[in-house]
Amino acid sequence: MLEAVLLNMRVNGRISACGMISQYNLNQEEGVRNLSSIIMKRLHIKGFIVSDHFNLLPKYMEMVIPLIKEGKVCYIEDIVEGLESAPAALVGLFSGKNVGKQVVVVARE
């Protein structure tokens, strides 16, 4: 996907990278073509790890919880029913088949 992104970036564009779930279980990591776009378009690419920003969590929660309650921020859940569905849901999570947060409902009250 990064190959397509690089071709479609604007000059002086910025790319943030966090997580590489598609690479976790590969025997050999995938390479990327079109890297010359980084130079030609003068792109800025920066990786980050969420744990670098844990100090901002209380401020974020204070800001986002009211937005969620007002319906201004929505999230998507991919829900499967039953513990027997958990293995397939996990495989789907690592292969990009789910959309949003993967949830396995074990029992409904």
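## Salt bridges and a buried lysine

Glu81 and Arg108 pair up in a salt bridge, with their closest N and O atoms 2.5 Å apart. Keep in mind that this is a predicted model.

**Exercise 1.** Work out which parts of the chain the Glu81–Arg108 salt bridge ties together.

*Solution.* Start with the pair itself: the closest N and O atoms sit 2.5 Å apart, and the cut-off is 4 Å. Next, place the residues: Glu81 is in strand β3 (residues 77-81) and Arg108 is in the segment after β4 (101-105), so the bridge ties together parts 27 residues apart in sequence. Now check the surface: Glu81 is partly exposed at 43% relative accessible area, while Arg108 is exposed at 59%.

**Exercise 2.** Find how many salt bridges the structure holds, and place the one made by Glu3.

*Solution.* The count is three. Glu3 meets Arg33, at 3.0 Å from N to O. Glu3 belongs to helix α1 (residues 2-8) and Arg33 to the loop between β1 (14-17) and α2, so parts 30 residues apart in sequence get tied together. Glu3 is partly exposed at 23%, and Arg33 is exposed at 59%. Another of the three joins Glu70 and Lys72, at 3.2 Å from N to O.

**Exercise 3.** Decide whether Lys41 is buried or exposed, and look for a salt-bridge partner.

*Solution.* First locate Lys41: the loop between α2 (36-40) and β2 (44-47). Lys41 turns out to be buried. Then look for opposite charge: the nearest such side chain, Glu3, is 13 Å away, and Lys41 has no salt bridge. Finally, list contacts beyond four places in sequence; among them are Leu6, Met9, Val11 and Gly13.

Key:
Residues are numbered from 1 along each chain as its sequence is written. This is a predicted model: local features need pLDDT of at least 70, side-chain atom pairs count only at pLDDT 80 or more; totals for chains, interfaces and linings use all residues. Side-chain values use heavy atoms; hydrogens and water are left out. Helices (H or I, at least four residues) and strands (E, at least two) are DSSP runs, numbered from the N terminus. Buried means under 20% relative accessible area, exposed over 50%, partly exposed in between (1.4 Å probe, protein chains only). Lys and Arg count as positive and Asp and Glu as negative; His and the chain ends are not counted. Contact means heavy atoms within 4.5 Å.
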